[in-house]
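Visitor: I'd like a close look at one helix in this model, and then a walk outwards to whatever it packs against. Could you take me through it step by step?

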Amino acid sequence: MRSTVTLWLAIVALWSGTSWANDSGVVSFQSAGSLQRSVTSEPFALVGASVALSGELLFPEGAGPFPAIVLAHGCEGNRNVEPVWGPFLRKAGYATFNVDSLRGRGLNEVCTQPFALSPLQRVSDIYGALRLLAAHPKVDAKRVALMGFSHGGIVTMLASTTWAKENFAPAGQPSFRAFFPFYPYCNTIFPERDRVSAPVRIHTGAADDWTPAKPCADLAGSLKAAGQDVSISVYPDAHHKFDQARDTVFLPNVVNLADCYVKMPSILGPLAPESIANCVKKGATEGNSPSATEQARKNLRAQMEELLR
């Protein structure tokens, strides 16, 4: 079995066009298939066609192999994640792969146009990144976690489902060891969210008016009661993007679904625009909280040491 997996990883490296002559930098890769739909009122369908994407892969000092963290950016793109979290994670001994889900699709942002790219469509991006990392000689393929923020936090929650693992990382393929969603959106209800494939540790702010904490706390509580390895850290007085925002600002043009609660028959949808017409609004608050960021880093460090050892 081990020789088969090793051969498969080598094939992934060749298929991606990556020889690993350079250990780090911007790397091109392919998503693990894709999800598409003809119109927004229809459910997504899994298709074989992949999407050409890129990400920045950086390592701590040393020879490795290192545990690794895949980073999933928010709706504004990946410009904020690396400077805030990259140095911290690498100092702690983790390689980082900051995935860009927008540029390869010709998008600049999806904060004001949420139907341009669903978080669900990014799940295949993340598993494609995992396949690439698992083939790298400086990465410990058995110790890779996913960490996402806002839109990327939703991606992280979706990627944590057993459904995602069964579809994008079936037996014999690398899978994630843990999931760390930061201020995800937990209001949408669907059957597949009731089973996770690995531990999930949610981090969110009590004052978040864009992706509110209470639905995530309720979800974490119900999943834990059902025997799933899920927990949540809620930081008092912390707004959305408490770890990345410079100041407390109100963003008037972003689409805000904080008041929407939609039940879907499947993770694939459909989520029709008319189902949220009466609850969607514009505008949300972002605000930096040094105290919440410091505590989140302490909590995350302890969680990573426990779950990725």
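Guide: Sure, let's start with helix 6, and keep in mind that this is a predicted model. Helix 6 covers residues 213–225, which is 13 residues. At 1.5 Å a residue that should span 18 Å, and the C-alpha atoms at its ends are indeed 18 Å apart, so the length agrees with expectation.

Now for the sides of the helix. The buried residues in helix 6 are A213, P215, C216, L219, A220 and L223. Look down the axis and these buried residues fall within an arc of 165°, so they line one face of the helix. The general rule behind that kind of pattern is handy: an α-helix has 3.6 residues a turn, so residues three or four places apart point the same way. Turn to the face away from the buried side and you'll find the exposed residues K214 and A225. Just past the end of helix 6, G227 takes a positive phi of about 95°.

What does the buried side pack against? The buried residues of helix 6 pack against helix 4 (151–159), strand 9 (200–205) and strand 10 (230–235).

Those two strands take us into the sheet. Strands 9 and 10 belong to an open sheet of eight strands, in the order 1-4-6-5-7-8-9-10, with mixed pairing. Strand 10 stands at one edge and strand 1 (25–30) at the other; each has a single partner strand, so one side of each is left without a neighbour in the sheet. From one strand to the next, the twist averages 25°.

Further along the sheet, strand 7 (residues 139–149) and strand 8 (residues 178–182) pair in the parallel sense over five bridges. One pair to look for is F149 with its bridge partner in strand 8, F182.

Another helix to pick out on this sheet is helix 3, which lies across strands 1, 4, 5, 6, 7 and 8 and runs at about 115° to strand 1.

That brings us to the packing. The largest nonpolar core has 57 residues, and the members touching the most others are V70, F97, L120, V123, Y127 and F176. Helix 3 (residues 119–134) gives the most to this core, with eight residues. Take L120 as an example: leaving aside neighbours within four places in sequence, L120 is in contact with L35, F44, L158, W163, I267 and L268. Apart from that core lies another, of 25 residues, and F182 turns up again there, along with V81, Y183 and A292 among its members.

Methods
Residues numbered from 1 in each chain as written. Predicted model: local features only at pLDDT ≥ 70, side-chain atom pairs only at ≥ 80, totals over all residues. Heavy atoms only, no water. Core = buried A, V, L, I, M, F, W, Y, C linked by side-chain atoms within 4.5 Å. Buried < 20%, exposed > 50% of the residue type's maximum accessible area, 1.4 Å probe, protein only. Helix = DSSP H or I, 4+ residues; strand = E, 2+ residues; numbered from the N terminus. Contact = heavy atoms within 4.5 Å. Expected span 1.5 Å × (residues − 1). Arc of directions from axis to C-beta. Pairing = 2+ DSSP bridges. Axes fitted to C-alpha atoms, helices over the stretch in contact; angles between N-to-C directions.
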